[in-house]
Amino acid sequence: MKIALMDSGNGLLAAAAAVHRLRPDADLVLSSDPDGMPWGPRTPEDIIAHALDCARSAAALAPDALIVACNTASVHALAAIRAELEPAIPVIGTVPAIKPAAAAGGPVAIWATPGTTGSPYQRGLIRDFAAGVEVTEVPCPGLADAVQYADSAAVNAAVAAAAALTPRNVRSVVLGCTHYELVAERIRAAVQPLLSPAVPRLTLYGSAEAVAAQTLRRIGAAPAPDAAPSGRLTVLLSGREGSIDPASLTYPEGRSLVEAAAVRP
């Protein structure tokens, strides 16, 4: 079994690690675009072009499925990628976990990039899945870039700024960018002390686990977390085979993939 994941940068690590936990025997292909990132500031047409290139590089290795492990690419390019690759290769997009967060009860905060915050796409998800629930959209300028480059000081500053904008009565935070899942506990540590004492432990909602499970369902594979970690890791950097960048290895998700696949950068 071979599962490919794509993102502009290391936002794909959380979903890749989730797939690995469910199927440690699966080969993984990580296709990112260091030459073209970040995708967020690009026009929709540019995002589609870069995402398609990233998807094609992964598809050339004949995976059983492709995960678009990027909210921005899922918004703008998912339809184009599916039109080109499916049905030969199932393509699974990433959607912020607004539905389960709202189902658990509000108030809910959605942390996302400035481009996604307030967008018709996110507002549509709130309308469809969180009607009647108090939802606050929180822009997080600079956080994805700080995570990408493992800039700890910049991560702390961006998280603190977003925490200051988060209402004191929220019960949960939706991580609306795949990069944010890599610093989830730092987000919890920043937000929890600011909440009202009446608020129970903050719940964070990411997408990685659900996307990994959905991918296995799409290809008819059952989870086998106890399988031998025999999967191999292939890293594509703007189409070129390479290694996981050192910044990604500062995160447990990146280290676990490299260690399990017996590949060294």
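**View 1. Four strands side by side in an open, parallel sheet.** In this predicted model, 4 strands pair in parallel to make an open sheet, and their order is 6-5-7-8. At the edges sit strand 6 (135–139) and strand 8 (203–205), each pairing on one side only. Going from one strand to the next, the twist averages 25°.

**View 2. Strand 5 meets strand 6.** Zoom in on one pair from that sheet: strand 5 (residues 108–112) and strand 6 run parallel, with 5 bridges joining them. To get your bearings, look for A109, whose bridge partner in strand 6 is T136.

**View 3. Two helices laid over the sheet.** Helix 7 (residues 152–165) lies across strand 5 and strand 6, and its direction makes an angle of about 150° with strand 6. Helix 8 (residues 184–191) also has strand 5 beneath its path, but it lies across strand 7 (172–175) and strand 8 as well. The angle between helix 8 and strand 8 is about 140°.

**View 4. V138 and its surroundings.** V138 belongs to strand 6, one of the edge strands. Is V138 buried or exposed? With a relative accessible area of 1%, V138 is buried. Skip the neighbours within four places in sequence, and V138 is in contact with A109, I110, W111, A112, T117, A162, L165 and T166. For a wider frame, take S248: it is 110 residues from V138 in sequence, and their C-alpha atoms are 25 Å apart in space.

**View 5. Helix 3 and its bend.** Helix 3 (residues 71–85) doesn't run straight: at A77 it bends by about 70°. A77 is also one of the buried residues of this helix, alongside N71, T72, A73, S74, L78, I81 and L85. What do the buried residues of helix 3 pack against? Their partners are strand 1 (2–6), helix 2 (44–59), strand 3 (65–68) and strand 4 (91–92).

**View 6. Cysteines without a disulfide.** There are 0 disulfides in the structure. Why does C140 not bond to C177? The closest cysteine sulfur to that of C140 is in C177, but the two are 8.6 Å apart, so they are too far for a bond. C177 is in no disulfide either, with the nearest cysteine sulfur, that of C70, 7.0 Å away. For scale, a disulfide here would need the sulfur atoms within 2.5 Å. Both of these cysteines are tucked away: C140 is buried, with a relative accessible area of 2%, and C177 is buried too, at 10%.

**View 7. Stepping back to the whole chain.** Pull out from the close-ups and you have a protein with 10 helices and 10 strands. Its radius of gyration is 18 Å, close to the 18 Å that the globule rule gives for 265 residues, so the protein is as compact as a globular protein of that length. The C-alpha trace spans about 50 × 35 × 35 Å along its principal axes. How much of the protein counts as buried? The share is 51% of the 265 residues. As for contacts between residues at least 6 apart in sequence, 77% of them join residues at least 24 apart.

Terms used
Residues numbered from 1 in each chain as written. Predicted model: local features only at pLDDT ≥ 70, side-chain atom pairs only at ≥ 80, totals over all residues. Heavy atoms only, no water. Pairing = 2+ DSSP bridges. Axes fitted to C-alpha atoms, helices over the stretch in contact; angles between N-to-C directions. Contact = heavy atoms within 4.5 Å. Bend = angle between axes of the 7 residues up to and from the residue. Buried < 20%, exposed > 50% of the residue type's maximum accessible area, 1.4 Å probe, protein only. Rg over C-alpha atoms; globule rule 2.2 N^0.38 Å.
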